[in-house]
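Q: I'm new to this one and would like a close look at a single part. Could you walk me through it slowly, starting from the whole chain?

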Amino acid sequence: MKRNLSILLVLSLILCCLFVSNAYADEGYKWKEVLDDHILRENGELWYVYWPGLKEFGQPKSQSMYRIMENVKSTYRYGNSLYIIRDNGELWVWTKNYNKPNTLEKIMDGVKQVSVNDKDTYMVVKENNELWGWGNNKYGQLLDGTTKYSYEPKKVMDNVKCVTTGYNRVFAVKTNGELLAWGFNPSGYLGDGTKDDAFEPRKLLDGVSRVEIFGDVTFAIKENGELWGWGNNYRSQIYSEFVDGHNISERNIIKPMKLLDNVKKVGHYYAIKENGDFYIWEQSIHPRLGLTNVKDVSRSDYRTVIKENGEVYVFVYIDSNPYKKYENISFMLHSRAIDKDGSLVDLSHDKVNVILDSQKYTNASGWALEGLRAADNNGLIDAAKAFPFDAYINRETFAKLSLRLYEKLTNNKEIVLKDNPFKDTDDPNIIKAYSVGIISGVSADKFDPEGFVTREQIASMLKRTLDAANINVRKGSEVKFADMDQVSEWALDAVNNMSSIGVITGSNNYFSPRNKTTVEQACIMVDRLYEKANNN
């Protein structure tokens with residue numbers, strides 16, 4: 001009987017832990033892909049990451065990572081630019097600039113796919129299956145009867161399912177499955193059986209599902225799973241054929257040739273079949289079955305293969321068996337990966353280190369979760385969700401939190417704006433916070449939006465928010481922190497006020513007034529003041 005009770009107690013504890021853990025989990029907040037200097041969540045949040053800033057795993061600073069967009073459907077990386085398609089069909093481009101701020105610009109509406117090539121030709125397929133293009137038109141890529149560069153998008157043709165561009169060549173799959181090609185073709189890599197440039201579309205195949213370009217090599221996957229290839233075969237990128245030890249395969253494949261059946265994905269020197277069989281090849285090696293039950297490959301190295309169960313295998317040599325290196329992985333790019341739990345991990349030094357977890361409140365400390373949920377339920381912390389919660393909060397973000405607190409306390413969103421005195425921000429929320437007296441600048445004309453906020457500055461802004469809302473909260477005893485002598489004179493009244501109503505509590509009787517404040521600490525203080533004011 002005692003043994004049965006012990007078992008029941010253990011099971012109850014396990015179920016309780018599982019319930020608590022799942023209470024904080026949300027499938028949509030799992031990380032999905034790493035995109036060089038961006039990461040994408042399953043819920044469509046796109047975040048920018050400055051990797052050198054993540055010097056300590058799990059301890060990013062606010063400038064090192066922030067959310068730039070929500071509701072992202074797909075992305076396309078080219079050079080320093082990331083092309084972003086949102087759920088509503090908007091096409092945006094984020095561009096990394098080295099000597100000036102990065103930019104985020106909207107290009108057009110109604111887009112479902114984008115392709116850019118190294119010769120500056122841009123193609124998009126719209127939701128109505130129209131193909132539009134702009135940029136380099138030296139070989140008639142825009143099909144407008146000219147070879148002039150176009151700075152404005154032009155409609156190219158109708159009834160297009162998908163498009164791929166590469167080295168002055170364009171391949172478009174029509175909605176009826178026809179594969180058309182046009183553009184630069186001196187070596188026959190266009191695939192039409194000639195070496196003549198094509199200024200009009202030439203039909204290559206029927207029944208095509210999609211087409212992929214890898215340099216001078218092009219692959220098409222048909223709707224029935226057949227894999228076809230053509231282009232530069234100098235290093236047997238497409239196929240090889242040996243007689244008496246000599247490779248007699250053609251160097252240039254100028255017409256599509258069938259390679260494999262039942263293929264669902266193809267890459268440079270590899271193919272994955274519908275059943276998960278992974279075929280790999282190289283210059284002197286025919287396509288061979290390397291692994292089974294394969295999900296994907298690393299986006300940076302086709303020799304690193306991810307199985308359906310999360311095991312990662314590495315081929316040191318293509319003609320030898322791979323070895324298992326990692327477990328529980330679902331996505332890889334270089335040394336960064338997403339594990340099957342949805343966390344972002346680093347694989348440097350052959351170890352798996354969690355950088356960012358997959359919970360709703362990114363990298364929040366365990367002690368803060370309950371308070372963050374309460375603040376979120378009160379509708380106070382949306383501005384903070386654009387940063388990891390263990391990061392230091394900047395002045396702009398805390399100003400937005402304080403403004404939201406003011407609006408909730410007063411039910412007033414119709415704020416009469418004063419003239420903007422700041423030269424370093426034109427954010428309307430900052431001007432609102434300034435107009436009601438919540439914030440001031442670090443000088444007469446400078447706000448310093450990216451500057452970190454200290455604990456005494458937090459106390460001062462919270463006191464101003466309470467005063468602006470014209471609310472008096474019943475006071476208790478002021479906390480006599482051991483380091484009160486370090487509080488600036490201008491902040492002393494605010495620190496005493498906030499401690500007397502229980503908004504700031506310190507740690508081990510220390511307030512640390514000039515220490516930076518984390519996002520989670522700031523959010524919880526804002527929520528405490530909201531609850532104190534509401535329950536006054």
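How many helices and strands are there in the chain? And once that is clear, which residues of α5 meet α7?

A: Let's start wide and then zoom in. What you have on screen is a predicted model. The chain holds 7 helices and 34 strands. Its C-alpha trace spans about 90 × 75 × 35 Å along the principal axes. There are 536 residues, and buried ones make up 51% of them. If you take the contacts between residues at least 6 apart in sequence, 49% of these join residues at least 24 apart.

Now for the part you asked about. Find helix α5, which covers residues 455-468, and helix α7, which covers residues 519-534. Their axes come within 11 Å and cross at roughly 30 degrees. Angles under 35 degrees count as roughly parallel, so α5 is roughly parallel to α7. The crossing of these two helices is right-handed. On the α5 side, the residues that meet α7 are Arg455, Ile458, Leu462 and Leu466. Across from them, α7 brings Gln521, Ala522, Met525, Val526, Leu529 and Ala533. Sorted by class, the residues of this contact come out as 8 nonpolar, 1 polar and 1 charged.

Helix α7 has another partner to look at, namely α3. Helix α3 covers residues 395-410. The axes of α3 and α7 are 11 Å apart, and the two helices pack at an angle of about 15 degrees. That angle makes α3 roughly parallel to α7. Here, too, you are looking at a right-handed crossing. From α3, the residues involved are Phe398, Leu401, Leu405, Lys408 and Leu409. They meet Ala522, Cys523, Val526, Leu529, Tyr530, Ala533 and Asn534 in α7. By class, this contact has 10 nonpolar residues, 1 polar and 1 charged. If you click on Ala522, Val526, Leu529 and Ala533 in α7, you'll find that these residues take part in the contact with α5 and also in the contact with α3.

While you're in α3, pick out Ser402, which sits in that helix. Its relative accessibility is 0%, so Ser402 counts as buried. Setting aside its neighbours within four places in sequence, Ser402 touches Ile438, Met461 and Thr465. Met461 and Thr465 fall within residues 455-468, the stretch of α5, so this buried serine gives you a link from α3 over to α5.

Next, move to helix α6, residues 492-500. This helix is mostly covered, with 7 of its 9 residues buried. The buried ones are Ala494, Val495, Asn496, Asn497, Met498, Ser499 and Ser500. And what do they pack against? Both α5 and α7. Just past the helix comes Gly502, which has a positive phi near 85 degrees.

For contrast, let's hop over to some strands. One open sheet here has 4 strands in the order β13-β14-β15-β16, paired antiparallel. Its edge strands are β13 (160-166) and β16 (198-205), each of which pairs on one side only. On average, neighbouring strands of this sheet are turned by 20 degrees against each other, direction ignored. Within the sheet, β14 (residues 169-174) and β15 (residues 179-183) pair over 5 bridges. One spot to check is Ala172, whose bridge partner in β15 is Leu180.

A little further along the chain is a hairpin. Strand β17 (residues 208-214) and strand β18 (residues 217-222) run antiparallel and are joined by 6 bridges. Glu212 stands opposite Phe219 in β18. The hairpin has 2 residues between its strands, and Gly215 takes a positive phi near 65 degrees.

Last stop: Val211, which lies in β17. This valine is buried, with a relative accessible area of 3%. Leaving out neighbours within four places in sequence, its contacts are Thr164, Phe171, Val173, Leu179, Thr218, Phe219 and Ala220. You can also trace from Val211 to Trp228, 17 residues apart along the chain, where the C-alpha atoms are separated by 9.4 Å.

Methods. Residues numbered from 1 in each chain as written. Predicted model: local features only at pLDDT ≥ 70, side-chain atom pairs only at ≥ 80, totals over all residues. Heavy atoms only, no water. Axes fitted to C-alpha atoms, helices over the stretch in contact; angles between N-to-C directions. Parallel < 35°, antiparallel > 145°, perpendicular 65-115°, else oblique. Left-handed = near helix turned anticlockwise from the far one by under 90°. Contact = heavy atoms within 4.5 Å. Nonpolar A, V, L, I, M, F, W, Y, C, P; charged D, E, K, R; others polar. Pairing = 2+ DSSP bridges. Buried < 20%, exposed > 50% of the residue type's maximum accessible area, 1.4 Å probe, protein only.
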